[in-house]
Each structure stands twice: as C-alpha cells, then as structure tokens.
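These questions and answers are for someone meeting this structure for the first time. They go from contacts to the sheet and then to the cores.

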Amino acid sequence: MSARLKLTLSYAGIVVVSGLLLLAAVAVYLLRYVPDVQIVADIRVPNRSDLIRAFVPVAAAVMVVLLAIGLGGGWLLAGRMLAPLDRIGDAARLAAQGSLSHRVRLEGPRDEFRDLADVFDGMLEQLEAHVAEQQRFAANASHELRTPLAISQTLLEVARDDPDRDVDALIARLREVNTRAIDLTEALLLLSRAERRTFPRELIDLSLLAEESVEVLLPLADRRRVSVEVGGVAAPVLGSSALLPQLVTNLVLNAIVHNLPSGGAVAVRTHAMPHAVALVVENTGERLSSHRVATLVEPFQRGAERTRDDHAGAGLGLAIVQRITDTHGGTLVLTPRAEGGLVVTVWFPYPAPLPPAVG
C-alpha cells in the first residue's frame, strides 16, 4: 500500500474507533438506567429493549457516515500532507536522470517537510557545483596532459624528416617535456589522494615542516636570488604525515618561483593560538588584484605568465594546498600585498591531546 492509503486507513480507523467508543459510552451510561420490563402507565413508556431496537439502526447509520467521512477526509488530508514529498520525489528522479538544476523550492510555513526540501535543494546545489567543477577539472587536465604529448609527437616528426637533426638537443627537449608530463600526473594523483580523506593521522609540527621545506628548496632560492626567512613557534596539527609536508613544500615553492626576477624575499612563519595554529607564507612579486587572487586556488591557474624553466609547475600547487587544507578541517586565506606579491595563511584547528599509549 502507498503511504497515502496507509494514512487514509489510519485516519478512518481512528474516526470509526472514536465513534464506537462514543456510542458504547451512550449505551453503557444511559441505557443501564432504563429497566428492561414493561412499564405500566397511562401512556406507553419504552423500556430498554425498545430503546436498543431504536438506537442500533441509527448507530449503524452514524458509523457508516463516520467511515465515509474518515476515508474521504483522510484521503484528502493525506494527499495534502504528502504533496511536498511528491515534489521532492520528482526532483530526486530528475537528479537521477542527470538534471541537477531542478529545485524543489517548497513554499509555506517552515515545518519538517520545508526543512527536508531546503536540505534537498542545498544538496542538489552542492552536487551541481561539484559536478561542474569535476567536468571543468577533467577538461583542463585533458588539455594539460595533451600538450606535452603533442609537443613530443611534433618533435619526433620534425626529427624524422630532418636528416641533420641534433640528437642530443632532441633528447634534452623530449626529456624536458616528459618531465613536465610526469610532474603533472603526480600532481593529479596527489590531488585525488587528498580528496579521498582516508589517511592515518598523527601529531605533526608545522614549524619543523617549514624548516625542512626551506632547507630543501634553498638551492633553488639561491639560483633565483630570493632570500628566504623561516621562523615562528611550534604549531602542532593532527594530520597526514604525507600530505602536510606536500602542503608546506607547495607553498614555499610557489613563493620562490612566483617572485621578483631578482632581489625577491620569502618569509615563512608559524603561529599558535588557543584554538588554532597558522602557517603564513609571504613573498614579494608582481601586484595581484583581489579578483586574480580569488582564482589562484582553481586547478591550472597561475599567478603570473607561464615560465619556461624546470619549475614551471602544473598549475595545481595551490589547488592541492586547498584540498589538503579542506581534508584537515582548515581554512586557506590568500591576501595580495600592497607592494606586490602574496600572503598565504593556512589555519588549522588546534589538535586535542592524543590519548596516552597503552603498554
């Protein structure tokens, strides 16, 4: 049976039972005071049997009317009460067919059905945005992966048709293109891993990660004539020992690469507060508008024109940072510097104390 039919039968059953109880009360509390013997008087006085014979047909007719009212009224009321569920069901069927733009938009006073419809609309909105983001990401990833492959094919075709080709230069160029393709593939895999949110968590100090990343990237900073300063206090975070180092490394690498041609500076600092810890990476560079900064966390976006060196990047650095931050319950804030450059602040919740080890 449908939910509407069940509600109708339940409503009719309640009406009929209530009518029976009322009639039973009349029979018990009124008829018991009437004797069941012939009463001798100047006029004929009905006894209990007479009243019962007169009462039963009327009571049966009343029960039939109550049953009809219960069924008809229950059917109408159930239909009206369940109408929002029909609208939600229609939206769910459209969503199952791939149409995520439809919304329930239930009107009327706020009740359980209105709350359910609003939650469903919010879910559809998030799904639509997520699907659109995934489609855009897939299109950009396909384009980025196709570029090195197309370059490799062009180089090989030119070399095949050129009898005086420079083999060493060809190999060097192919190696450069292949390295970019590998870097892009690894970045995509890391991004996918960060989105799964299934990884062991342990207590990690961001200040130590910052020092390690700066030490590793210091030769690159020296080649680019960028000074790097690191400092701060202990900043513990409960997270992944594989993803958090990648987050810090990406931020420091971006700060070094997207900097002034010479004489640039990078400052890496950690802060600890009662309820949160922060990693701040600040770098000099070209002036960025607020609109431009807001797009930097999107995949395959770069803060400046694409460079042509061994650290051009895949355009996924800050996108990976954003995903890792989200999976750790943190917040990523990008702020353009008035003098040029960028300030990146990553906030993480202060971790609860770990339980003591057993044994």
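Contact here means heavy atoms within 4.5 Å. The model is a predicted one.

Q: Which residues does leucine 334 touch, not counting residues up to four places away in sequence?
A: Leucine 334 is among the residues with the most contacts inside the largest nonpolar core. With residues up to four places away in sequence left out, the residues it touches are Val293, Leu296, Val297, Leu318, Leu342, Val343 and Val344.

Q: What is the order of the strands in the open sheet of five strands?
A: The pairing in this sheet is mixed. Strand E2 (226-232) and strand E6 (331-336) each have a single partner strand, so they stand at the edges, with one side left without a neighbour in the sheet. The order is E2-E4-E5-E7-E6.

Q: Which residue in E7 is the bridge partner of valine 277?
A: Strand E5 (residues 276-283) and strand E7 (residues 342-349) run antiparallel and are joined by eight bridges. The partner of valine 277 in E7 is phenylalanine 348.

Q: Which strands does helix H8 touch where it packs on the sheet?
A: Helix H8 covers residues 317-327, and its direction makes about 140° with that of E6. The strands it touches are E6 and E7.

Q: Which element gives the most residues to the largest nonpolar core?
A: This core has 40 residues. Elements giving two or more residues to it include helix H5 (206-223), H6, E4 and E5. With nine residues, the element that gives the most is H6.

Terms used
Residues are numbered from 1 along each chain as its sequence is written. This is a predicted model: local features need pLDDT of at least 70, side-chain atom pairs count only at pLDDT 80 or more; totals for chains, interfaces and linings use all residues. Side-chain values use heavy atoms; hydrogens and water are left out. Two strands pair if DSSP finds at least two bridges between them. Helices (H or I, at least four residues) and strands (E, at least two) are DSSP runs, numbered from the N terminus. Axes are lines fitted to C-alpha atoms, for helices over the stretch in contact, and angles run from 0 to 180 degrees between N-to-C directions. A nonpolar core is a set of buried Ala, Val, Leu, Ile, Met, Phe, Trp, Tyr and Cys residues joined through side-chain atoms within 4.5 Å. Buried means under 20% relative accessible area, exposed over 50%, partly exposed in between (1.4 Å probe, protein chains only).
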